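Please open the model in the viewer and keep the sequence panel in view. The tour proceeds by selections, each followed by a description of what is found there.

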Amino acid sequence: MGAAKKRKIEVRHYIIGIAVFVVAVAVSLIIFFLASSRMIRDKSEDAMRENLLRQSDHLVSILQLHYQYLNSVAEEIGEREGFITEENLRTIVSLQKNTDLDRTALIEADGTSHYDNGVIKNVAYRRYFIEGMNGKETLSDPLESSVDQETRVVLGVPVYRGDEVIGIVGGSYNVTVLSQTMLNDTFGGVGYSLIVTAEGKIIAHHGEPVYQKTFTYGENFFDFYSENYNSNDLERVQNDFSQGNQGLLELNIPPQTEESRYLAYAPFGMNDWMICYVIPVSAAQDAYSFIGNYETTFLGVFSLFVCLLICYIIHISGSRNRELLYYAQRDSLTGLYNKKNTEEQINAFLQEAQPEVHHAFFIMDMDCFKQINDKYGHATGDQALEAFGSLLQSYFRQSDILGRIGGDEFVVFMKHVKNAENASTRAKELLTKLHSLAVGNMERPMSASIGLVMAPDEGDCYMELYQKADHALYQAKKRGKNQCVIFSREMNAKQAEE
C-alpha cells in the first residue's frame with residue numbers, strides 16, 4: 001500500500017474518531033440535560049408535597065391551639081357556680097381579646113348563644129351545637145360573611161359539670177387567614193391557596209389576582225378546573241379528595257395563561273377538608289434554577305469547545321488533504337513531481353503560455369545507473385537518485401517543473417528561457433555540479449546524459465516535447481554520455497533512418 005493511501009486512511013480514521021467522540025459527548029449531554037430536567041421536576045414536585053404536608057400540620061396545630069384555649073376556659077367555667085354569669089361573660093370577652101378568635105360565646109343547653117359583644121341568638125339548629133352537647137369538640141361548616149366576604153368556622157368545646165354537659169364555649173375563626181398563612185409560608189406567596197371540602201366546595205381561597213383568577217366562595221373546585229384546564233386527571237383528583245389522599249397534578253396550559261401549573265393537595269386533618277396549592281411550574285422549580293444556570297454555562301462552554309474542535313478538524317482535514325495531494329503528486333523518494341503530474345503540470349502551463357516566449361524541456365538519465373545498483377547496492381542507488389533530485393531542486397527555480405518519470409529518468413521544464421544555447425549552458429553547469437556530489441561509498445563521480453528541446457518551437461504539448469527530447473537524449477548517450485544534446489530536425493530524420 002502506498003504512503004499516500006496510508007495517510008488517506010489515517011486521516012479518515014482520525015476524522016471518524018473525532019466525529020464519534022463529538023457525537024458520543026453530544027448524546028451524553030442530551031441524556032444529562034434530560035436527566036437534570038427530570039431531577040429538577042421530581043425535586044420541585046417533592047418540595048410541593050412536603051411543603052403542603054407541613055402546612056397541613058401547621059394549620060391543624062393552629063386550630064388545636066385555639067381548642068386548647070377554649071378547653072381551658074370551659075374547664076374554668078365548669079368549676080364555677082352558674083353558667084351565664086358576669087364573671088363567665090368577662091372570661092369569654094378576655095378570650096376574644098387575647099386570641100385570634102373573631103367572636104366568642106357561651107351557649108346554653110337550650111341553644112341560646114351569648115356572644116362577647118353582647119349579642120344573643122339561638123343556635124340550637126346548628127350542627128356544631130348538637131355535636132358539642134353530645135360531648136364532642138366540634139368544628140362548624142364554613143360560612144362566608146356578607147360584610148367582609150371572609151370565611152369563618154365555629155370551634156366549640158363542651159362545658160362539663162361533673163359528668164353532665166351544661167353548655168358550650170365557642171369561638172369563630174377566620175379560615176381565610178389560615179389560607180393566607182399557608183400561602184405566605186410557601187414559595188414566597190407566589191400562586192394561590194385554597195381550602196376545599198371533599199366534594200369540591202371552596203371554603204377559602206387566597207392569592208394575587210394574577211394567580212387566583214375568578215374563584216368565589218362556594219364555587220365547585222372541580223367544575224372550575226374542568227372548564228378552564230385541559231386535563232384528563234381530575235377524576236383521579238376527585239377520588240383522592242373523597243379518600244383523603246395526598247397528590248400532585250400538572251395542569252395543562254389553558255388558553256388564558258402562559259404556562260402550566262402544579263396543583264398540590266393534601267388532607268387538612270379536620271372534617272373532610274383538603275388544602276390545595278396552585279403555582280406556576282417555573283416558580284416551583286425556581287429553587288433549582290441554579291442547576292439550569294450551570295447547565296447553560298456548561299452548554300455554552302461545550303458549544304465553544306465543539307466549535308473549536310470543528311475548526312480544528314477542518315484545519316487538520318485541510319492540512320491532511322493538502323499533504324495527501326502533495327504525496328499524490330510527488331515521487332516518494334526524491335520529492336519531485338511523479339510522471340503523471342509532471343505531464344499534467346507541463347501541459348497546463350503550455351496551454352496558457354504565450355507563443356512568443358521560449359521554454360526548455362530536458363530529459364535526464366543518470367549514466368551507468370544499473371552498474372551503481374549492481375556494484376554498490378540498491379540502497380546506494382536510491383541515495384544517488386535522492387541526491388540528484390535534491391540537486392535539481394536547489395539548482396533550478398521554484399517556478400520550474402521538476403519530475404521523476406522513471407527509475408533514473410528525470411524531466412525538467414525550465415520556463416522563460418532566452419534560447420537553446422542558454423538552456424544548454426545551464427545543463428552543462430548542472431553536470432559539473434553533479435560530478436562533485438558524494439553519495440555513500442561510491443568511488444566514481446556521478447554523471448548524466450541530457451536531451452534538450454525548446455518549446456513551443458518544437459512542440460506545444462508534453463508528449464511531443466518528450467519524444468523529441470528523447471531523440472536528443474539518445475544522441476547524448478551515443479556520443480559518450482555525460483553531456484547535453486539539443487534536438488534538431490536533422491537528428492530526428494537521421495534517427496528515423498537508423
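Select P456 first: its place is in the loop between β16 and α14. Helices (H or I, at least four residues) and strands (E, at least two) are DSSP runs, numbered from the N terminus. A cis peptide bond, with omega about 0°, joins A455 and P456. The model is a predicted one, in which local features need pLDDT of at least 70 and side-chain atom pairs count only at pLDDT 80 or more, while totals for chains, interfaces and linings use all residues. Residues are numbered from 1 along each chain as its sequence is written, and side-chain values use heavy atoms, with hydrogens and water left out.

**The sheet beside this loop**

Next, select β13 to β17. These strands form an open sheet of five, in the order β14-β15-β13-β16-β17, with mixed pairing. At the edges stand β14 (401–404) and β17 (484–486); each has a single partner strand, so one side of each is left without a neighbour in the sheet. From one strand to the next, the twist averages 20°. Here, two strands pair if DSSP finds at least two bridges between them. Strands of a sheet pair through backbone hydrogen bonds, either parallel or antiparallel.

Now restrict the selection to β13 (residues 359–366) and β15 (residues 409–414), which run antiparallel and are joined by six bridges. For an example, pick A360, whose bridge partner in β15 is M414. Then exchange β15 for β16: the pairing of β13 with β16 is antiparallel and extends over eight bridges. F362 may be picked here, with L452 as its bridge partner in β16.

How many of the residues of β13 are buried? Eight of the eight are buried, so the strand is largely enclosed by the rest of the structure. Buried means under 20% relative accessible area, exposed over 50%, and partly exposed in between (1.4 Å probe, protein chains only). Colour the two faces of β13 separately: H359, F361, I363 and D365 lie on one side, and A360, F362, M364 and M366 on the other, all of them buried.

Add helix α14 (residues 462–478) to the view. This helix lies across β13, β15, β16 (448–455) and β17, and runs at about 140° to β16. Such angles run from 0 to 180 degrees between N-to-C directions, with axes being lines fitted to C-alpha atoms, for helices over the stretch in contact. Contact means heavy atoms within 4.5 Å.

**Two loops with positive phi**

Select C368, in the loop between β13 and α11 (369–376). Its phi is near 55°, a positive value in a residue other than glycine. Move then to N482, which has its place in the loop between α14 and β17. N482 likewise is not a glycine, yet has a positive phi of about 50°. At 31% relative accessibility, N482 counts as partly exposed.

**The β6 and β7 hairpin**

Select β6 (residues 151–161) together with β4 (residues 138–139); this pair is antiparallel, over two bridges. T138 has G156 as its bridge partner in β6. Extend the selection to β7 (residues 164–174), which runs antiparallel to β6 and is joined to it by ten bridges. In this pair, R152 is matched with N174 of β7. The hairpin of β6 and β7 has two residues between the strands, and G162 takes a positive phi near 70° there.

**Helix α1**

Select V27, found in helix α1 (residues 3–78). With 41% relative accessibility, V27 counts as partly exposed. V23, V27 and I31 make a nonpolar surface patch of about 270 Å².

Continue to Y69, also in helix α1, and partly exposed at 31% relative accessibility. Which residues does Y69 contact, leaving aside its neighbours within four places in sequence? They are L95 and T99. Measure from Y69 to N98 as well: the two are 29 residues apart in sequence and 9.8 Å apart in space, C-alpha to C-alpha.

**The whole chain**

Finally, display the entire protein, which has 15 helices and 17 strands. Buried residues make up 45% of its 498 residues. Of the contacts in the protein with a separation of 6 or more, 57% are between residues 24 or more positions apart.

Conventions: Patches are made of residues with over 30% relative accessible area and no salt bridge: like charges are joined within 9 Å, nonpolar side chains (Val, Leu, Ile, Met, Phe, Trp, Tyr) within 5 Å. Accessible areas come from the Shrake-Rupley method with a 1.4 Å probe; for residues, only the protein chains shown count as cover. A salt bridge is a side-chain nitrogen of Lys or Arg within 4 Å of a carboxyl oxygen of Asp or Glu.
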